[in-house]
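Me: I am new to this structure. Please take me through one part of it closely, the pocket, and then show me how the parts around it are built.

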Amino acid sequence: LERTGKENLVKNSKLLEEVVERCVRIKARVVSLDEHDKKNIRIVLNFGHTGGHALEAASQFSQQYTHGEAVSIGMLIACDISARLGILKDPGLATRLETLLIKFGLPVFFKNLELKAIFQAMGYDKKSEGGKNRFVLPVRAGKTKIFVDVPVPVITEALLKRKR
């Protein structure tokens, strides 16, 4: 995706098909390891979703952000949290991801949402565990770590970094 860009994918249906096929194979492999979502393996597919779902809910599902747009911002929130907690081992990953998201016309900042509403929405997230938040945080490209109970100040800092 970094090499080809959005324009080439739109122009070249064969290339787009290859990208989609590769993504489906990766997702199928992960799901096959935890078909009934009982082993806590499939959660890696939720990278960006804790923050993304909270943005969707805080906007009252008003279509201010599509699911993909909210997850786009959520992935960067997760990168910012991961960096702050010292989990992110690839310091260039967040910048690479942000550049790629912009290249594909996806948002990297949110606006017109209150932090209080976002935090309230996070409390209802299906990934929370025992009333504690749970984030899929990147370590490096292709490697994540599940982190439970991220401190509120760390989440706040990441949200403020993504707020416009």
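Reply: Start with the walls of the largest pocket. Helices α2 (13–33), α4 and α5, together with strands β1 and β2 (143–148), each supply at least two residues of its lining. Helix α2 gives the most, with ten residues. Keep in mind that this is a predicted model.

Now the pocket as a whole. The space in the largest pocket comes to about 2,000 Å³. Its lining is made up of 38 residues. Of these, L1, C23, I26, F47 and M75 lie nearest the centre. Sorted by class, the lining has 23 nonpolar residues, seven polar ones and eight charged ones.

Take C23 from that central group. C23 is partly exposed, and its relative accessible area is 46%. Does C23 have a partner for a disulfide, or none? None: the closest cysteine sulfur belongs to C79 and lies 17 Å away, which is too far for a bond. A disulfide would need the two sulfur atoms within 2.5 Å. Turn to C79 and the result is alike: its closest cysteine sulfur is that of C23, at 17 Å, again too far for a bond. C79 itself is buried, at 1% relative accessibility. The disulfide count for the model is therefore zero, given the cut-off of 2.5 Å between sulfur atoms.

Next, look at α5, one of the helices that supply the lining. Helix α5 covers residues 93–103. Which of its residues are buried? They are L93, A94, L97, L100 and L101. These residues sit on the same side of α5, because they cover an arc of only 130° around the helix axis. What do they pack against? The buried residues of α5 pack against α4 (67–85) and β1 (134–140). Both of these partners also supply residues to the pocket lining.

Follow the chain past the end of α5. There you meet G105, with a positive phi near 75°. Further on comes the loop between α5 and α6 (115–122), which holds N112. N112 is not a glycine, yet its phi is positive, about 60°. Is N112 buried or exposed? N112 counts as exposed, with 64% relative accessibility.

A similar case sits ahead of α4. F61 lies in the loop between α3 (49–58) and α4. F61 has a positive phi of about 50°, and F61 is not a glycine either. At 56% relative accessibility, F61 is exposed. The cut-off for that word is over 50%.

Stay with α4 and see what meets its residues from farther along the chain. V154 belongs to helix α7 (residues 152–161). V154 is buried, with a relative accessible area of 7%. Which residues does V154 touch, once neighbours within four places in sequence are set aside? The contacts are I81, R84 and L85. V154 and D80 are 74 residues apart in sequence. In space, their C-alpha atoms are 8.8 Å apart.

Put the pieces together. The pocket lining draws on α2, α4, α5, β1 and β2. Among these, α5 packs its buried residues against α4 and β1. The sulfur of C23 has no cysteine sulfur closer than that of C79, 17 Å away.

Technical notes
Residues numbered from 1 in each chain as written. Predicted model: local features only at pLDDT ≥ 70, side-chain atom pairs only at ≥ 80, totals over all residues. Heavy atoms only, no water. Buried < 20%, exposed > 50% of the residue type's maximum accessible area, 1.4 Å probe, protein only. Helix = DSSP H or I, 4+ residues; strand = E, 2+ residues; numbered from the N terminus. Arc of directions from axis to C-beta. Contact = heavy atoms within 4.5 Å. 1 Å grid on protein atoms, 1.4 Å probe; cavity = no way out; pocket = protein on both sides within 12 Å on 5 of 7 lines; lining within 4 Å. Points joined across faces, edges and corners; volume = space filled by probe spheres on them. Nonpolar A, V, L, I, M, F, W, Y, C, P; charged D, E, K, R; others polar.
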